[in-house]
Amino acid sequence: GIESLTVFYGTVRDYIDPHYAKDSYYKQSSGKENCFFSIIHGKIHRNKELLSDENSIAKGMKKMKKYLKTPRVLRRATLLAMLPVFFLAGCGQKTECEKSIDTAMGTVISQTVYVTGNSATTTNSKINEKITDVLLQKLNDLEQKELSWRLESAEVARINAAAGEGQNSVSPAMAEWLGRCRQISEESAGAFDVSIGRLSRLWDIDTWAAAGDSGDYELPRQEEIAEALATTGWQKIQLEQQADGDSVSIPAEMQLDLGAVGKGVALDEILKTLEAHPEVSGAVISVGGSILTYGSKPEGGAWQIAVTDPLDPSESVGVLTLDGGHCVSTSGDYERYVEVDGVRYHHILDPRTGSPAHSDVAGVTIVTKDGFLSDALSTACFVLGQEEGQQLLEKYDAEGLFIDHEGTITMTEGMRQYFHLSNSQK
Ligand code: AMP
Ligand code: MG
């Protein structure tokens, strides 16, 4: 349906959620061939104006669909071979496939869910809701109520607004996430640090990369970087646990940014929801390239997840073959970046320098059974580099595949059972 295609601008890579649409996006999109369409509360907007007449809506939709057929980001997120819609699962049970592509949390969500029952359609109509819609709603809630630093309604934004004002009560979930972040900061010697909010606002790579045009981008000045850097430091985040609940306080200048774990948290939420829906027999869900495999495929066999080639993101270096219950997260310098005078500035910052991280890693993919962990570790390993990254992974019993700037692949022992090179590389 129309509702599910939320926003499109330029290529699929440039999908932007309405919540993320800053004025700068609008400015940059106007006067260009590619327009910015959004569907908010069922109404189509083009740039900022409401598209009211049927003709322009139809044109917009056509364009949107055309772009959807040439997904770039999706290529890596998407799974090979999942085309059939109906399957017979024995005992007269039928499996039906629900697929959707949406945007939420400022990124592309692609879902493939298999629903099995005596009559899959009946099962669906009984709950009277598509499971893909239920999951999408979860992600929007997560963003709006907890993770966003942009939306006032979100817990992270509230913590940031109350910086320097002492302890602030937080939800048990937020307390748990912040506690786990702290542990990973400690284990990674500060390479992973969610207190980099001011630095990431200063660099603002996410915004500029999404806008798809870095022509007017200005690099932050060294003094600005130093100033923002001085506000960071995971040790200064104070978590307290009391009988009446959890609370957190951050220093006056500090701002939190949970961007490094948001997609992983989303996968954990999705897993819980899927487990509460026994009619779901299998699923593979991608939240901006972080992927959850769940259950099994109707035709049997493991899930196949492509690993993007960081040197040529339109290609994959190989495939991960995974059973249900795995989370795959990737961090790479090709995901969100701007280019200034031929130099690439990407979105993962080194909290030791305040600038985009320069390790020997161009892309790293982590496999674990826990979304939060896979996401946090992918960011941490990207900053740490291959050798220290692998040491970190050992502590967490996680598997990792590292690709350096020459395209050389290194992986943990356990990753070998999952990873197969692409045919062209054999
Ligand atoms: P990911 O794509 O999962 O590697 O996360 C990258 C996002 O995490 C960035 O867009 C920032 O919001 C945030 N981030 C960047 N550098 C760091 C870092 N060193 N530690 C924690 N979060 C970071
Ligand atoms: Mg991450």
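Hi everyone, let's start with a strand. Glu399, Leu401 and Ile403 point one way from S21, Gly400 and Phe402 point the other way, and all are buried. Before I go on, please keep in mind that this is a predicted model.

So how covered is strand S21 as a whole? It spans residues 399-403 and is mostly covered, with five of its five residues buried.

Now let's look at the neighbours of S21. Strand S20, residues 363-368, is joined to S21 by five bridges, and the two run antiparallel. If you want one pair to find on the screen, take valine 364, whose bridge partner in S21 is phenylalanine 402. Strand S22, residues 409-411, is joined to S21 by three bridges, again antiparallel. Here phenylalanine 402 turns up once more, with threonine 410 as its bridge partner in S22. S21 and S22 form a hairpin with five residues between the strands, and in that hairpin glycine 407 takes a positive phi near 95 degrees.

Let me step back along the chain for a moment. Which loop holds aspartate 360? Aspartate 360 sits between strand S19, 355-356, and S20. This residue is partly exposed, with a relative accessible area of 36%. Aspartate 360 is 26 residues from glutamine 386 in sequence, yet from C-alpha to C-alpha they are 6.6 Å apart in space.

Next, the metal. Which residues supply the protein donors of the magnesium ion, ligand 2? They are Ala260 through its O, Asp375 through both O and OD, and Thr379 through OG1, at 2.0 to 2.6 Å from the ion. Along the sequence, these donor residues follow the spacing A-x114-D-x3-T. Alanine 260 and aspartate 375 link distant parts of the chain, being 115 residues apart. Alanine 260 is in the loop between strand S10 (245-249) and helix H11 (262-275), whereas aspartate 375 is in helix H12, residues 371-384.

Are these two residues buried or exposed? Alanine 260 has a relative accessible area of 19%, and because the cut-off for buried is under 20%, it counts as buried. Aspartate 375 is buried too, at 2% relative accessibility.

Some of these names come back when we turn to ligand 1. There are 18 residues around it, and those that come nearest are Asp257, Ser331, Leu349, Asp375 and Thr379. H12 gives the most to this shell, with three residues.

What about the polar contacts? A polar backbone atom of alanine 260 is 3.1 Å from an oxygen atom of ligand 1. For lysine 263, a polar side-chain atom lies 3.4 Å from an oxygen atom of the ligand. For serine 331, an N or O atom in the side chain is 2.6 Å from an oxygen atom of ligand 1. How much of ligand 1 does the protein cover? On its own ligand 1 has 500 Å² of accessible area, and the protein covers 97% of that.

I'll finish with a sheet that includes S10. Three strands make up this open sheet, in the order S8-S10-S9, with antiparallel pairing. S8 (168-170) and S9 (238-242) are at the edges with a single partner strand each, so one side of each has no neighbour in the sheet. From one strand to the next, the twist averages 35 degrees. S9 and S10 are joined by five bridges, and glutamine 241 stands opposite aspartate 246 in S10.

Thanks for listening!

Methods. Residues are numbered from 1 along each chain as its sequence is written. Chains are lettered from A and ligands numbered from 1 in the order in which they are written. This is a predicted model: local features need pLDDT of at least 70, side-chain atom pairs count only at pLDDT 80 or more; totals for chains, interfaces and linings use all residues. Side-chain values use heavy atoms; hydrogens and water are left out. Donors are N, O and S atoms within 2.8 Å of the metal (3.2 Å for Na, K and Ca); water is not among the atoms, so sites may look incomplete. Helices (H or I, at least four residues) and strands (E, at least two) are DSSP runs, numbered from the N terminus. Buried means under 20% relative accessible area, exposed over 50%, partly exposed in between (1.4 Å probe, protein chains only). Two strands pair if DSSP finds at least two bridges between them. Axes are lines fitted to C-alpha atoms, for helices over the stretch in contact, and angles run from 0 to 180 degrees between N-to-C directions. A residue is near a molecule or strand if one of its heavy atoms lies within 4 Å of it. A polar contact is a pair of N or O atoms within 3.5 Å; within protein, one must be able to donate a hydrogen and the other to accept it, and residues adjacent in sequence count only if both atoms are side-chain atoms. Accessible areas come from the Shrake-Rupley method with a 1.4 Å probe; for residues, only the protein chains shown count as cover.
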